[in-house]
Amino acid sequence: MPSTAFYNEYNQLIAQINQWDHAYYVLDNPSVADAEYDLAFRQLLEIEAEHPDWVTAASPSQRVGAKASNKLPKIEHAVKMLSLANAFSLEETYSFFEKAAKDLDIAPEALVLFSEPKLDGLAISLHYDHGLLSYAATRGDGLVGEDVTHTIKTIKTIPLKLHSPPPPAQLEVRGEVFMPKAAFAKLNQLAVQNASKVFVNPRNAAAGTIKQMNPKLAATRGLQFIPYGLGAYQGAHEFSKHSEILAYLHQLGFRKNPHCYTFAGSFAEFSHNYQVMAEARDSLPMQIDGIVYKIDSLAQQNALGFIARSPKWAVARKFPAQNDTTQLLAVDFQVGRTGVLTPVARLEPIFVGGVTVSNATLHNMDEIERLGLCIGDSVEIQRAGDVIPKVVKVVSQGTLRTPIIMPDSCPVCAAPVERNDGQAAFRCTGGLTCAAQGAERIRHYAGRKFMNITNLGTKLIEVLYSKGSLHTIADIYTLKAEDIANLEGQGEKSAQNVLDSIAASKATKLGTFLGALGIHEVGEEGAKTIANYFKNLDAIKSASFDELMQVPDIGPVTATNVVNFFNDNKNVAIVDSILAAGVHWPHEEAKPPGQQPFAGQTWVLTGTLSTMPREQAKALLESLGAKVAGSVSKKTTCVVAGLEAGSKLAKAESLGVKVLDEEGFLAVVGQEVQ
């Protein structure tokens, strides 16, 4: 039986990766080096492979990407946009395709592989209807992205009308928007001349340009686009190879990716290809951070299929990180939304990996102790296209060394700082009342996944918070029209729209409200699970650790955090204020575990249901105590197969998992809910 400490480490890893994802994808403020992220994600996958029964919907392995921001309209992708698995050595890359060849029952040398430079930019999906560009969207969470059509149309390497008649009825082109090195250098040179903020690297410059609202500004920045594949497609052309798709897209008016090759899947061929690509890296006009390898045959791709996050027929071989040496001048402690105090190294500025670096992540005090690090030491910095690099090791000890000490109290709100047993993180205990966490907690509470206060956006929250109109999430419900109408860029109509959104948010669901509170380790799915189990807030507030441990998929860390949250009188007072303001949900009496007939079961939905949306079917199963997963395994209890059910149905049948059609599903759940 694995130790509780090991299980806690797994949950801490989930929380850390989700925090990094939020900073990178939602806030556009990356907080960790790519190499560090990749190592953590690999460790997560290894743990989950060893303990598949631990995996929950909260794990980043179950998610394609990350949540879209609240700044731009949302667009649902016709075909999911996936990420790629990573490899970091020749042996690992070869092993990936050796396994694929084994699954196809052929020798690795029989594979025909396609390699292309991995552009360091922003993944974009372009949708064409009958040859005309209709919209463009970011990856977002893989299912829903952000509408960036207004800036995408300014990129001259993106045809507004496809070149080759007759055009397909529908075409989704997937590719990368990037800023060439020369355009990036020019942009930052102008920024220095104008005494404005410079961009950290071309990737951030491209993402920031695409997501801002001024297309005229975007048109001046020299962005380019190169496709790497298709999403949805309805047309007369038929393809048997990935390379044929790229050739077809070139005919339609898209630019080719330079240095693309096909080769046989032998160890020697992989080695030769990598050397050729690595040598060409610095001469390319754009920044790349690795090589993407794909099986060229589309039939073989379809046979291999996907896992939750990535295809089984493609992998990204990452280039090694870039290192240099500088001096550690000081260490600051930053407080995040969840109250974690993170040490950040302040460095003697150094130019490494194409940018000037003055800050680096230290992650936590355990890492500082492991490094044997003191202020004044000479340190090695590792960077691979990252915003905040990593301190790798102490190169030499300084003549005057100052120990790095975690403060006893929060540097923002002065509340005590605590560290739970078995956890690496130190946390501010100020909870909902800590100013450092305040604006971020309000953004979390008001976000689309939770209270969905649509007109209370990020920028408005920041302004209201800075002016003192918002301190905690409870203050949302005391806002007055004049608090908003008097702000720059606002007015009476805008103020009324915000107040209307706030009023509309008062009718919600218990699980939604619980998730909106931002309790550490209690995400969207975890909150639903707890709410479905206890049925009312009073039962959750008074639940003991042992009672919470009876909830399916809830572990000791989450249980401890829920108990601690509701044992804090300040948190309870804020929750009570929100309820007094009129926030409510349908009342249900608490049900004992025996009245949740599907407790401990895992169900999977696939295909289209004619009687209800998939989300409604999912909610119905969860109300009966079931966990609804996105993939089929030997531990799946039952698969519900609607119309046009695909690979999940086939896998269920191959594993001998029980399958119900829609009629059978309705009969089973109907009997239980009567």
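Which residues of α17 are buried? The model is a predicted one, in which local features need pLDDT of at least 70 and side-chain atom pairs count only at pLDDT 80 or more, while totals for chains, interfaces and linings use all residues. Residues are numbered from 1 along each chain as its sequence is written, and side-chain values use heavy atoms, with hydrogens and water left out.

Helices (H or I, at least four residues) and strands (E, at least two) are DSSP runs, numbered from the N terminus; helix α17 covers residues 524–534, and 8 of its 11 residues are buried, a term that stands for under 20% relative accessible area, with exposed meaning over 50% and partly exposed in between (1.4 Å probe, protein chains only). The buried residues of α17 are Glu525, Gly526, Ala527, Ile530, Ala531, Asn532, Tyr533 and Phe534. What covers these buried residues includes α16 (510–516), α18 (537–541), α19 (545–548), α20 (556–567) and α22 (614–623), where contact means heavy atoms within 4.5 Å. Just after α17, Lys535 takes a positive phi of about 75 degrees.

Helix α6 (residues 202–211) is mostly covered as well, with 9 of its 10 residues buried. Its buried residues are Pro202, Arg203, Asn204, Ala205, Ala206, Ala207, Thr209, Ile210 and Lys211.

The sheets come next. Strands of a sheet pair through backbone hydrogen bonds, either parallel or antiparallel, and here two strands are taken to pair if DSSP finds at least two bridges between them. One open sheet has 5 strands in the order β2-β11-β10-β3-β9, with mixed pairing. Its edge strands are β2 (85–87) and β9, each of which pairs on one side only. Neighbouring strands of this sheet are turned by 35 degrees against each other on average, direction ignored; axes are lines fitted to C-alpha atoms, for helices over the stretch in contact, and angles run from 0 to 180 degrees between N-to-C directions.

Within this sheet, strand β3 (residues 112–119) has 6 of its 8 residues buried, so it is largely enclosed by the rest of the structure. Strand β3 runs antiparallel to β9 (residues 261–264), to which 4 bridges join it: Val112 stands opposite Ala264, and Ser115 has Tyr261 as its bridge partner. Strand β3 is also antiparallel to β10 (residues 288–295), here through 6 bridges, and Leu113 stands opposite Ile295 of β10.

Two helices can be followed across these strands. Helix α8 lies across β3 and β10, running at about 50 degrees to β3, whereas α9 lies across β3, β9, β10 and β11 (314–318), at about 160 degrees to β9.

Helix α9 also has a helical partner. Two packed helices are described by the angle between their axes and the distance between the axes. Helix α3 (residues 90–104) and helix α9 (residues 267–280) pack at an angle of about 130 degrees, with their axes 10 Å apart. That angle makes α3 oblique to α9, because angles under 35 degrees count as roughly parallel, over 145 as roughly antiparallel, 65 to 115 as roughly perpendicular and the rest as oblique. The contact is made by Leu90, Glu91, Thr93, Tyr94 and Phe97 of α3 together with Phe267, Phe270 and Ser271 of α9. By class, this contact of α3 with α9 has 5 nonpolar, 2 polar and 1 charged residues, where Ala, Val, Leu, Ile, Met, Phe, Trp, Tyr, Cys and Pro count as nonpolar, Asp, Glu, Lys and Arg as charged, and the others, Gly among them, as polar.

Another open sheet consists of 4 strands in the order β5-β4-β7-β8, and its pairing is antiparallel. The edge strands are β5 (132–138) and β8 (224–234), each pairing on one side only, and neighbouring strands of this sheet are turned by 25 degrees against each other on average, direction ignored. Strand β7 (residues 170–178) pairs with β8 in the antiparallel sense over 8 bridges, and the bridge partner of Arg174 in β8 is Gly229. Helix α8 (residues 242–251) packs on this sheet, touching β7 and β8, and its direction makes about 110 degrees with that of β8.

A last site is Glu380, which is placed in strand β15 (residues 378–383). Glu380 counts as buried because its relative accessibility is 16%. Leaving aside its neighbours within four places in sequence, Glu380 is in contact with Asn323, Asp324, Thr325, Lys390, Val391, Val392, Lys393 and Val395.
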